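Got the viewer open? Let's take a walk through this one together, one selection at a time.

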Amino acid sequence: MSTAVPDLMNDATARLRDAGVHGAGRDACVLLEHVVGCSLASLSEASYYSLPARLQHAFENAVVQRTARKPVSQITGQREFFGRRFKVTSDVLDPRPDSESLVLLALSKNFRCILDVGTGSGCLLVSILAERSAAIGAGVDICEKALAVARQNAERNGVSSRCDFRHSNWFSTIDRKFDLIISNPPYIDRYECASLAPEIRLYEPRHALTLGGDGTEAFRILASKAKNHLYPGGCLIVEIGSKQFEPVKGIFAGHGFDLDQVKRDLDGNIRALSLVPRP
Ligand SMILES: C[S@@+](CC[C@H](N)C(=O)[O-])C[C@H]1O[C@@H](n2cnc3c(N)ncnc32)[C@H](O)[C@@H]1O
């Protein structure tokens, strides 16, 4: 049966709203555009008023997944971050707009070699290298499947010749120093996990969200180990949770780091900190 795009959109929006999806209309539009492979405005008139059955079927499949609260990025397999497109799978954290604060803070520094600890999709490292053509970098992660995604994202965004992705438990396989170390580590308190939105709780990899404690463990590890991998004059930049500024600042102060700069996210929360080892 042929159905016009506005009818498909109205039906999908209502079903997504009933399933508790925020921004149901926007998501229905993104999913339909993904399925048809172009913007709705550039669809041919024939398709707009009678979408081919094959595409209707694919759209229905996407809507069913979204009503089960699967993140849009895992349905479409991609996400835009810092103006570039990244592959996303269930093995990596969905790149967050909040993390663009860390990228901006990193780009305000002078560096040639950079290490990304807990690289996931590689969105931070790849974005930074894409903006700094003379820089080189390495990304490490505990998850091999995430590293495979990061390598594809480096390739897709033209920086693969300047970065190396390797398996590592924090710094365990890192035997050199860097000008800049960045990390958006798992920082969610284990008790908070149960109250996260279904998109996160049910679909995002748990190893990317929490280490099972109060959310500060990763910062303690970074604070105790990062200094050995920084050149003199180097700096560490971390992303933090919206209520973690004071505790994280305290952890780094206790390990000989001074707070250098902070960067807020779009909601005004301090989201990224740069820290420098005390001489
Ligand atoms: C919050 S995600 C960040 C992913 C990506 N950097 C981003 O900003 O979207 C944290 C990442 O840390 C990785 N991770 C967790 N434990 C780790 C460990 N012991 N060593 C290295 N990476 C780890 C996870 O696999 C995950 O990819």
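The tour below starts at the sheet, moves on to the helices packed on it, and ends at the ligand.

Keep in mind as you click around that this is a predicted model.

**Stop 1: the sheet.** Switch to cartoon view and pick out the seven strands that make up an open sheet. Going across, you'll pass β5, β4, β3, β6, β7, β9 and β8, in that order, and the pairing is mixed. Now select 163-167 and 257-264: these are β5 and β8, the edge strands. Each has a single partner strand, so one side of each is left without a neighbour in the sheet. Tilt the view a little, and look at how the strands twist: neighbours are turned by 20° against each other on average, ignoring direction.

**Stop 2: a strand pair.** Select 178-183 (β6) together with 230-239 (β7). These two run parallel and are joined by five bridges. Want one particular pairing to zoom in on? Try L180, whose bridge partner in β7 is C235.

**Stop 3: helices on the sheet.** Stay with β7 and add residues 217-225, which form helix α12. This helix packs on the sheet and touches β3 (113-117), β6, β7 and β8. Its direction makes about 175° with that of β7. Next, select 100-107 for helix α6, which lies across β6, β7, β8 and β9. Compare it with β9 (270-277): the helix runs at about 35° to that strand.

**Stop 4: the ligand.** Which residues come nearest to the ligand? Show D141, N169, W170, N184 and H207, the nearest of the 16 residues around it. The shell divides into eight nonpolar residues, seven polar and one charged. Colour α7 (123-131) and α11 (206-209) too, since each supplies at least two residues of this shell.

**Stop 5: polar contacts.** Start with H207, where a side-chain N or O atom is 2.9 Å from an oxygen atom of the ligand. Then turn on the backbone of T119: a polar atom there is 3.2 Å from a ligand nitrogen. At S168, a polar backbone atom is 3.4 Å from a nitrogen of the ligand. To finish, show the surface: of the 590 Å² of accessible area that the ligand has on its own, the protein covers 96%.

Key
Residues are numbered from 1 along each chain as its sequence is written. This is a predicted model: local features need pLDDT of at least 70, side-chain atom pairs count only at pLDDT 80 or more; totals for chains, interfaces and linings use all residues. Side-chain values use heavy atoms; hydrogens and water are left out. Two strands pair if DSSP finds at least two bridges between them. Helices (H or I, at least four residues) and strands (E, at least two) are DSSP runs, numbered from the N terminus. Axes are lines fitted to C-alpha atoms, for helices over the stretch in contact, and angles run from 0 to 180 degrees between N-to-C directions. Contact means heavy atoms within 4.5 Å. A residue is near a molecule or strand if one of its heavy atoms lies within 4 Å of it. A polar contact is a pair of N or O atoms within 3.5 Å; within protein, one must be able to donate a hydrogen and the other to accept it, and residues adjacent in sequence count only if both atoms are side-chain atoms. Accessible areas come from the Shrake-Rupley method with a 1.4 Å probe; for residues, only the protein chains shown count as cover. Ala, Val, Leu, Ile, Met, Phe, Trp, Tyr, Cys and Pro count as nonpolar, Asp, Glu, Lys and Arg as charged, and the others, Gly among them, as polar.
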